[in-house]
Amino acid sequence: MELSKWKFRAYYLSAVGIANIGGWIYLLAINLMIFDTTGSAFAVAVLYMIKPFAFMLMGFWSGSVIDRVSTKHLMIVLDVVRASLILFIPFLDSIWGIYAVVMIIQMAGAMFGPASFTYMTLLLPEDERKQFNAMLSFVHSGAFILGPALAGILFMLGSLEMALFVNTGTFLLSAGLIYLLPRQNRIDSSESTNFTWGTIVQDWHLVWKFSKIAFPFVVVYMVFQVVMLLTAALDSTEVAFAKEVLHLTDAAYGSLVSVAGIGFLVGAIYTNLLVKFMSAKHLMCSGTILVSTGYVIYSFSMNYLMASSGFFILCFALALANTGFTTYIQENIPIDMMGRISSLYGMVIHSLQLLAVLIFGIAAHSFSVQAVVIGGSLFMLIISLFLIVSVNRLALP
């Protein structure tokens, strides 16, 4: 039984790691493809606007599906859909066609995230989640290193298009590993699997009722997510910052992201050592303040060395922050409503993220890219300090 338990966890972690490696290849290839085609920082920023818009379209109803179906089979279908769509991108001549396909890929990803999170929570006993989440951060860190490194090799040996074909293979391999996992049934089998508008509205009322009862938790959840959406908004200027401020080549840009991955790896190792001694909320708060500090250093950089130092610090801290936050919400969200709550909350956060990315994109197009990044990172630092105050004043567990 013990061997079987670790075998299934190894399958899950491997699937996540492989999918994340592919995700990094996809992210860098699509960013460079759009920037090389248009030469516009705003055109790249549009890519980052697509993801939150996709979450807005999916968030209000996808959780109702996730909480009522086999999350294992849902994840397999979504991986295959994403793999199939990525195959089309290299053959598209229109930037609007690329945006349309990316939109559908992101819509599938918007459902995959909550489904994967719900499945993982169902799979793990409560007392093992924090340690497993630390291991998951370690897997993410490995992908953070290998993904950009592999992307850089593919860019040098082949082309951006070839990198996307490799990405298709990673999603299919991830789907195959998920197929080997045990099926996790729905928690409440009495819930109807007929999806109507009335069912969705009823689910909204359930989430609203939970939110009123657990208001202190909701405050912390939203404040942490605001910090994360600011990281996404700042990431939308990353290529332009690397090209226009630091004057990096494509290969140097890939190596910069790899340095950040090393920070993530070291942070994940450190997190695995700390989880036995620190609570989820302390991991979350300490990680968040360090993430903001790393972004501040990065925003003021004028050369590769300083930028890589900032990347190292912020990614080191992301492992702490994400492990703490993931465990914290697993401790506070009812597992039978996890899909609905995480999807609807995600819809709110990604609506704000869409606005933030739009503002950052317009600002980067109209003003100095570095000035925009500096302003965003300082604002992130302020929000991180507010998170610490909120956790302490609300006396959260």
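**Notebook: charges, fold and one helix**

I started with the charges: the protein has 18 positive and 18 negative ones, and their mean positions lie 10 Å apart. I note here that the model is predicted.

Next I looked up the secondary structure. I found 14 helices and zero strands. Reading from the N terminus, I get α-α-α-α-α-α-α-α-α-α-α-α-α-α. I then checked the radius of gyration, which is 20 Å; the globule rule gives 21 Å for 397 residues, so the protein is as compact as a globular protein of that length.

For the extent, I took the box along the principal axes: the C-alpha atoms fill roughly 60 × 50 × 45 Å.

I turned to burial and surface. Of the 397 residues, 58% are buried, with buried meaning under 20% relative accessible area. I put the accessible surface at about 16400 Å². Carbon and sulfur atoms account for 72% of that surface.

I also looked at how contacts spread along the sequence. Counting contacts between residues at least 6 apart, I see that 88% join residues at least 24 apart.

Last, I picked out helix H11, residues 280-299. What span should its 20 residues have at 1.5 Å a residue? The expected value is 28 Å, and I find the end C-alpha atoms 29 Å apart, which agrees. How many of the 20 residues of H11 are buried? I count 14, so I enter H11 as mostly covered.

I add one general point on helices: with 3.6 residues a turn in an α-helix, residues three or four places apart point the same way.

Technical notes:
Residues are numbered from 1 along each chain as its sequence is written. This is a predicted model: local features need pLDDT of at least 70, side-chain atom pairs count only at pLDDT 80 or more; totals for chains, interfaces and linings use all residues. Side-chain values use heavy atoms; hydrogens and water are left out. Helices (H or I, at least four residues) and strands (E, at least two) are DSSP runs, numbered from the N terminus. The radius of gyration is taken over C-alpha atoms; the globule rule is 2.2 Å times the number of residues to the power 0.38. Buried means under 20% relative accessible area, exposed over 50%, partly exposed in between (1.4 Å probe, protein chains only). Contact means heavy atoms within 4.5 Å. Accessible areas come from the Shrake-Rupley method with a 1.4 Å probe; for residues, only the protein chains shown count as cover. Lys and Arg count as positive and Asp and Glu as negative; His and the chain ends are not counted. The place of a charge is taken as NZ of Lys, CZ of Arg, CG of Asp or CD of Glu. The expected span of a helix is 1.5 Å times one less than its number of residues.
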